[in-house]
Each structure stands twice: as structure tokens, then as C-alpha cells.
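Biologist: I am new to this structure. Could you take me through the model, please?

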Amino acid sequence: MKFFMPERRHQLYLADILDSTRAIQSYVRDVDFKTFIGDRMRCAAVIREFEIIGQAVGKLPEAIKSEYPAVPWRDIKDFRNLLVHEYFGVDLEIVWNAIRIELPILLDVTQTILSDGQTGEKDGDAL
């Protein structure tokens, strides 16, 4: 059986990134590292959101990524691949550091891209 997944617009991937970053922040609000690593469900939820972020980043056009070079786009996608394919070796301290250090930057940039109306489309094509 074949499934057809229609192509999505770039703005929807940006919205996915925004939604997942906010979800992660809500999952770890008022939580310290010890509590985080002791809560399997919370860790699994955070990892799933990072997987979504990485997948969405991989779908963004190069025009958008090159406009915001301060974001380590490739590293985000690679992090997703690590979480998916090397699940048995995930270092939760790295995940925690990504939450505390990298995620706020990604959230700010994603909000900026969406508010600026950056589409990555040529010739003024709307999303």
C-alpha cells in the first residue's frame, strides 16, 4: 500500500518548529535536570518534539536557512537523526543543554521568520 503525502508549504514547517519549541518549553517549565532525567514520559515527549523540529528543519528551503546563518540548521537536522536512529545512546545531558541553550535561539529566529513573512519562495509566491 502506498501513501501519498502532499507537499506542505514552508510556513507550515515553521509553524511546526514554533509549536514544538513551545511544547518542549512547557514540558520542562519549573523542572530541573534531575527531575527531567527521572521522568521517562517527559523525556520521551521532549525527544519526540525534537524529532519533529529536525524533520521540519530538513524541509525548509535553503533561502530561509541562508538568511539566518546563526542557527545551526544542519546540526538540528543531525540531532533529529541521532535521536531517531541512535535512540539507545541518547545522552539526556545533551538534550537538556539543547533545551536550555539552543531552543530559545531557535524559537526567537522562527518567530522572526514568521513575523517577517519570509517564505523562501521566489517571485513573491505566497505561502
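Modeller: One definition to begin: a residue is buried under 20% relative accessible area, exposed over 50% and partly exposed in between, using a 1.4 Å probe on protein chains only. This is a predicted model, in which local features need pLDDT of at least 70, side-chain atom pairs count only at pLDDT 80 or more, and totals for chains, interfaces and linings use all residues. Residues are numbered from 1 along each chain as its sequence is written, and side-chain values use heavy atoms, leaving out hydrogens and water.

Biologist: Is aspartate 30 buried or exposed?

Modeller: Aspartate 30 counts as exposed because its relative accessibility is 80%. Aspartate 30 lies in the loop between α1 and α2; helices here are DSSP runs (H or I, at least four residues), numbered from the N terminus. Aspartate 30 has a positive phi of about 60°, although it is not a glycine. Most residues other than glycine have a negative phi.

Biologist: Turning to the interior, how many residues has the largest nonpolar core?

Modeller: That core has 31 residues. Such a core is a set of buried Ala, Val, Leu, Ile, Met, Phe, Trp, Tyr and Cys residues joined through side-chain atoms within 4.5 Å. Helices α1 (10-28), α3 (40-59), α5 (73-85) and α6 (92-116) each supply at least two of its residues.

Biologist: Which helix gives the largest share?

Modeller: That is α6, with eight residues.

Biologist: And where does pLDDT stay under 50?

Modeller: Over residues 120-127; pLDDT is the predictor's confidence in each residue, from 0 to 100. The mean for the protein chain is 89.

How values were computed. Contact = heavy atoms within 4.5 Å.
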